[in-house]
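Here is a short tour for a first-time reader. Keep the sequence and the 3D view open side by side.

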Amino acid sequence: MPGHAEDEEGRYRRHHHHYRRRTSLSSSPESEPRERRKERSRRDRNRHDDRYPRHRESPRGRSESPRGSISRRDGRDDVYSSKRKRSPRRSPRRSRSDRSQSPIPHKRSNAPLPSQEQSYRGTDNTLQASDKPPEVEKQKPNFSNTGKLAAETNTVAGIVLKYNEPPEARKPPPKDAWRLYVFKGSEMLENVELSERSCWLVGRERVVVDFPVDHPSCSKQHAVVQFRHVVKTNEFGDKDARVRPYIIDLESANGTMVNGEKIPPTRYVELRDKDMIQFGLSTREYVLMLPP
């Protein structure tokens, strides 16, 4: 039937032409009619408003942003507005300095290792005790004398004296005329009146001493002959207060001898009539006498 074949062929041609026209219109937006493009942009805009309700369209055709800024929409923006997708919020990035910091290493203790028994039981008392910082005792105030003031007041020509007179120092009375006789062998060299003052410093430092000795074995400040007012009580309870001579060694290098015996340093030793004194390794003899 030729008529029937022509109808089938015409139907095929019409269907093929409609398919080609539909694909060409969907592939290129410019090929669509103007009214269809407006309808499509309106539909896309409504879909975008439904998806993002924050963007509402004002009555005048302007879109209000969340921050209150108004921007005019055109057809081109409406077409591509539906294609924009919001990216989810990303977690804050760590800075390079944070990533580069390594964990603080564990500080090793200087305490001795625990015993085998403590390690077996799991009790390490030594390490626990060593982790605690030791308690430092606070320094207490010291109000004692430093000696600097005494050194300043006891300085003569820039030389600090080793000896200070005690409170009981006295000059001997005129009736007690103590004398010191100097002998070298059997020859008497000189005699010194000791009653002139209460203290006699003996040594090689001629700037500060009262009685100089030139022997090299003697110290610069060797010894002191000191008159002191001392009260003594006898066996019957009687008190005897007099000014008596004493000698004290100032920690000299070779010491001081009284009647051939070395006396202890820094201690007063009482002198009596006709006592013989020697300083250092000198052969000179110093005899103390009280005239009748």
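This is a predicted model. Begin with an open sheet of 5 strands, in the order β9-β8-β10-β11-β14, with mixed pairing. Its edge strands are β9 (211-212) and β14, and each of them pairs on one side only. Inside this sheet, strand β8 (residues 199-203) runs antiparallel to strand β10 (residues 223-233), and 4 bridges join them. One residue match helps to find the register: Cys 199 has Gln 226 in β10 as its bridge partner.

**The second sheet**

Another open sheet has 6 strands, in the order β7-β6-β16-β15-β12-β13. Here the pairing is antiparallel. Its edges are β7 (187-193) and β13 (261-262), each pairing on one side only.

Look at the β7 end. Strand β6 (residues 179-184) is antiparallel to β7, with 6 bridges between them. Tyr 181 stands opposite Asn 191 in β7. The two strands, β6 and β7, form a hairpin with 2 residues between them. Gly 185 sits in the turn, with a positive phi of about 75°.

Which residue is 7.8 Å from Gly 185, C-alpha to C-alpha, yet 98 residues apart in sequence? That residue is Thr 283. Thr 283 is found in the loop between β15 and β16 (285-289). Thr 283 is exposed, with a relative accessible area of 58%.

Now move along the sheet to β12 and β15. Strand β12 (residues 256-258) and strand β15 (residues 275-279) run antiparallel and share 3 bridges. Val 258 has Ile 277 in β15 as its bridge partner.

In a regular strand, side chains alternate between the two faces of the sheet. Keep that in mind when stepping along any of these strands.

**Rings and charges**

How many aromatic pairs does a search of the whole structure find? The search finds 3. One of them joins Tyr 246 and Tyr 268. This pair is edge-to-face, 6.3 Å centre to centre, with 80° between the planes. Tyr 246 belongs to strand β11 (residues 239-249), and Tyr 268 to the loop between β13 and β14 (269-270), so the pair ties together parts that are 22 residues apart in sequence.

Are these two tyrosines buried or exposed? Tyr 246 has a relative accessible area of 7%, so it counts as buried. Tyr 268, at 30%, is partly exposed.

Tyr 246 has a charged partner too. Arg 228 lies over the face of Tyr 246, at 4.8 Å from the ring centre. Elsewhere, Arg 197 lies over the face of Trp 200, at 5.0 Å from the ring centre.

Ring pairs also build a cluster, which links Phe 211, Phe 279 and Tyr 286.

**Two loop residues with positive phi**

Most residues other than glycine have a negative phi. Two residues here go the other way, and the table lists them.

| Residue | Phi | Loop | Relative accessible area |
|---|---|---|---|
| Glu 251 | about 55° | between β11 and β12 | 58% |
| Thr 266 | about 55° | between β13 and β14 | 47% |

Neither Glu 251 nor Thr 266 is a glycine. Glu 251 is exposed, whereas Thr 266 is partly exposed.

**The whole chain**

Step back to the full model. The protein chain has 7 helices and 16 strands. Of its 292 residues, 25% are buried. Its accessible surface comes to about 23800 Å², and carbon and sulfur atoms hold 49% of that area. Among contacts with a separation of 6 or more, 43% are between residues 24 or more positions apart.

How confident is the predictor, and what is the average pLDDT? The protein chain averages 76, and 63% of the residues score at least 70. One stretch, residues 63-75, keeps a pLDDT under 50 throughout. For that stretch the model has 23 contacts beyond four places in sequence.

Note on methods:
Residues are numbered from 1 along each chain as its sequence is written. Side-chain values use heavy atoms; hydrogens and water are left out. Buried means under 20% relative accessible area, exposed over 50%, partly exposed in between (1.4 Å probe, protein chains only). Contact means heavy atoms within 4.5 Å. Accessible areas come from the Shrake-Rupley method with a 1.4 Å probe; for residues, only the protein chains shown count as cover. Two strands pair if DSSP finds at least two bridges between them. Rings of Phe, Tyr and Trp (its six-membered ring) pair if their centres lie within 6.5 Å; planes under 30 degrees apart count as stacked, over 60 as edge-to-face and the rest as tilted. A charge sits over a ring if NZ of Lys or CZ of Arg is within 6 Å of the ring centre and within 35 degrees of the ring normal. pLDDT is the predictor's confidence in each residue, from 0 to 100.
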